[in-house]
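Dear colleague,

I am handing over the structure we spoke about, and below it you will find my notes on what turned up when I went through it. Please read them with the structure open beside you.

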Amino acid sequence: MSDTSTTPRRLVVSGAGSGIGRATADLAHDAGWSVVGLDLRPDGDARYPVLACDVGDEESVREAFAGVDRLWAGAAPDALVHCAGVYRFAPAVATGAADWDAVVGLNARGSLLVAAAAGRRMVAQGGGSVTLLSSIAAARGDAGEPSAAYSASKGAVEALTRQLAVEWGPDGVRCNAVAPGVIDTPMTTVSADPGAFAQVLGRIPARRLGTAAEVARVCLFLSSADASYVNGVVVAVDGGQGAA
Ligand SMILES: NC(=O)c1ccc[n+]([C@@H]2O[C@H](COP(=O)([O-])OP(=O)(O)OC[C@H]3O[C@@H](n4cnc5c(N)ncnc54)[C@H](O)[C@@H]3O)[C@@H](O)[C@H]2O)c1
């Protein structure tokens, strides 16, 4: 039987206020995990604590993890799923330094800051799992919805994933990434334009968008002991789009 349903363990989920993060935190909570969420906009309706945190800000991440330490009486997280991120699309020539910094600064730097805060505690504990959120955009260009800064930020996330896997592997801490395709969450704008939506569906062998719950199940699998020998990989959850 799956470890996710039988062993209560401690999970930190960033971006827990919406979309994939919310679905991951809810799924883990329902499966008996002790969950603490982090989000810029904490949702008061959650059935677990959600702490205010700006993942791109070093001091904010430090304070949020001090809060996590207090909630778990100093026990380290067993797993982190880092979902907090932002998406912008703009042609490369219209992407200025401020746009680049806003996206890469949050998606890449936030991944490092949050992973390091959790990973430091996991290494001291002697084990754990970090799952970062990449995107299909790290591996493929997109002429329809160009997003140079976002794609580059997710390329950085995948490089960081491999680096952390190698640095922390000897201490029993695994680091993997999940690369979703087009998922039906508030981040996804494509469904607003029927023409563009039909084109997007045409590129996805599954002929539909993914759901946040479908990504959450993979995140929770990677977080669990069921994935104990999975380290340093990027798992696509994209309905086959990456293979097309
Ligand atoms: N939705 C998709 O199609 C898709 C595809 C590929 C990758 N992803 C990735 O999955 C992750 C989750 O995306 P989603 O679709 O659930 O998005 P979402 O917009 O529904 O949720 C993102 C959450 O991150 C939080 N957040 C934003 N900036 C933050 C900050 N500075 N500090 C803390 N929290 C912050 C938001 O408040 C929100 O709750 C992101 O990293 C995204 O890039 C999403």
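I begin with strand β5, which covers residues 128–133: six of its six residues are buried, so the strand is largely enclosed by the rest of the structure. Please keep in mind throughout that this is a predicted model. In a regular strand, the side chains alternate between the two faces of the sheet. In β5, Gly128, Val130 and Leu132 point one way while Ser129, Thr131 and Leu133 point the other way, and all of them are buried. The strand runs parallel to β4 (residues 79–82), to which it is joined by four bridges, and within this pairing leucine 80 of the one strand stands opposite valine 130 in β5.

The ligand comes next. Which residues come nearest to the ligand, out of the 28 around it? They are Ser18, Ile20, Asp39, Tyr150 and Thr185. Sorted by class, the shell around the ligand is made up of 14 nonpolar, 10 polar and four charged residues. As for polar atoms, a nitrogen atom of the ligand lies 3.2 Å from a polar backbone atom of cysteine 53, and an oxygen atom of the ligand lies 3.4 Å from a polar backbone atom of glycine 181. The side chain of threonine 185 also takes part, since one of its N or O atoms is 2.5 Å from an oxygen atom of the ligand. On its own the ligand has 830 Å² of accessible area, and the protein covers 93% of that area. The elements that give two or more residues to the shell are α2 (19–30) and α5 (148–168).

You may also want to know about the cysteines. How many disulfides does the model contain? The count comes to zero, where a disulfide would require two cysteine sulfur atoms within 2.5 Å. Cysteine 175 is in no disulfide, and the nearest cysteine sulfur to it, that of cysteine 219, is 12 Å away. Cysteine 175 has a relative accessibility of 0% and therefore counts as buried. Cysteine 219 is likewise in no disulfide, its nearest cysteine sulfur being that of cysteine 83, at 5.3 Å, and cysteine 219 is buried as well, with a relative accessible area of 0%.

Cysteine 219 appears again in a contact with serine 223, a residue found in helix α7 (residues 212–223). A polar atom of the side chain of serine 223 lies 2.8 Å from the backbone oxygen of cysteine 219. Is serine 223 buried or exposed? Its relative accessible area is 2%, which means that serine 223 is buried.

Finally, there are two backbone angles to look at. Most residues other than glycine have a negative phi. Alanine 73, however, has a phi near 50°, a positive value in a residue other than glycine. Alanine 73 is found in the loop between α3 (58–71) and β4, and with a relative accessible area of 74% it is exposed. Arginine 207 also has a positive value, with phi near 55°, and its place is in the loop between α6 (194–202) and α7.

With best regards

How values were computed
Residues numbered from 1 in each chain as written. Predicted model: local features only at pLDDT ≥ 70, side-chain atom pairs only at ≥ 80, totals over all residues. Heavy atoms only, no water. Near = heavy atom within 4 Å. Polar contact = N/O pair within 3.5 Å; in protein donor to acceptor, adjacent residues only side chain to side chain. Areas by Shrake-Rupley, 256 points an atom, 1.4 Å probe, with all protein chains shown as cover. Nonpolar A, V, L, I, M, F, W, Y, C, P; charged D, E, K, R; others polar. Buried < 20%, exposed > 50% of the residue type's maximum accessible area, 1.4 Å probe, protein only. Pairing = 2+ DSSP bridges.
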